[in-house]
Amino acid sequence: MEQKVETTETQVESSAGSDANGSNHISRVRKLLCRRMLVGIKDGRFFLGSFHCIDKQGNIILQDAVEYRSTRRTSPSPMEQRCLGIILIPSSCRTSCHVDCSIDEQLSLLKVDQ
């Protein structure tokens with residue numbers, strides 16, 4: 001029984017050690033918390049809300065979200081809006097994602113570590 005516990009602890013330590021770059025990604029995502037985020041999905045709708053979280057699969061949760069959709073198929077059509085509250089946007093539906101922040105913050109988020 002003790003042997004199984006030791007093996008599990010070793011596996012957890014090795015997986016945590018190999019994911020040192022993961023903590024960098026987590027800190028970047030934490031900087032985005034509670035910021036206004038505009039997410040576009042495949043059917044042409046957009047959701048604007050406060051970024052709450054993202055999971056390992058890339059699904060995003062927005063709080064106080066508002067849905068914007070075109071009322072007609074023509075290009076200069078007016079947008080209709082609807083208040084939704086808290087929503088989950090699957091990564092498979094997402095086409096774009098924009099965060100409301102300064103240019104310096106955008107550049108720091110885009111910086112690639114070598």
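**Figure 1. Contacts and overall make-up of the predicted model.** In the protein, 43% of the contacts with a separation of 6 or more come from residues 24 or more positions apart. The model is predicted. Three helices and five strands make up its elements. From the N terminus on, they follow the pattern α-α-β-β-β-β-β-α. The protein has 114 residues, of which 19% count as buried. About 8700 Å² is exposed, and carbon and sulfur atoms supply 55% of that area.

**Figure 2. The open sheet of five strands.** The strand order is β4-β3-β2-β1-β5. Pairing is antiparallel. Strands β4 (79–89) and β5 (94–99) stand at the edges. Each has a single partner strand, so one side of each lacks a neighbour in the sheet. From one strand to the next, the twist averages 30°. Strands of a sheet pair through backbone hydrogen bonds, in either a parallel or an antiparallel manner.

**Figure 3. The pairing of β2 with β3.** Strand β2 covers residues 46–54. Strand β3 covers residues 60–70. The two run antiparallel and are joined by seven bridges. In the sheet order, β2 sits between β3 and β1. One position to look for is Ser50, which stands opposite Gln63 in β3.

**Figure 4. The surroundings of Ser50.** Ser50 belongs to strand β2. Is Ser50 buried or exposed? Its relative accessibility is 11%, and the cut-off for buried is under 20%, so Ser50 counts as buried. Leaving aside residues up to four places away in sequence, Ser50 touches Cys34, Arg35, Arg36, Ile61, Leu62 and Gln63. Among them, Gln63 is also the residue opposite Ser50 in β3. Ile61 and Leu62 also fall within the 60–70 range of β3.

**Figure 5. A nonpolar patch on the surface.** Which residues make the nonpolar surface patch? Ile103, Leu107 and Leu110 do. The patch measures about 360 Å². Leu110 lies in helix α3, which spans residues 103–110. Ile103 and Leu107 fall within that range too. The element order ends in a helix, after the run of strands.

**Figure 6. Leu110 in close-up.** Leu110 has a relative accessible area of 64%. Exposed means over 50%, so Leu110 counts as exposed. Ser50, at 11% relative accessibility, is buried. Leu110 is found in a helix, α3, whereas Ser50 is found in a strand, β2. Leu110 is one of the residues of the nonpolar patch, along with Ile103 and Leu107.

Notes
Residues numbered from 1 in each chain as written. Predicted model: local features only at pLDDT ≥ 70, side-chain atom pairs only at ≥ 80, totals over all residues. Heavy atoms only, no water. Patch = residues over 30% accessible without salt bridge, like charges linked within 9 Å, V, L, I, M, F, W, Y side chains within 5 Å. Areas by Shrake-Rupley, 256 points an atom, 1.4 Å probe, with all protein chains shown as cover. Salt bridge = Lys/Arg side-chain N within 4 Å of Asp/Glu carboxyl O. Helix = DSSP H or I, 4+ residues; strand = E, 2+ residues; numbered from the N terminus. Buried < 20%, exposed > 50% of the residue type's maximum accessible area, 1.4 Å probe, protein only. Pairing = 2+ DSSP bridges. Axes fitted to C-alpha atoms, helices over the stretch in contact; angles between N-to-C directions. Contact = heavy atoms within 4.5 Å.
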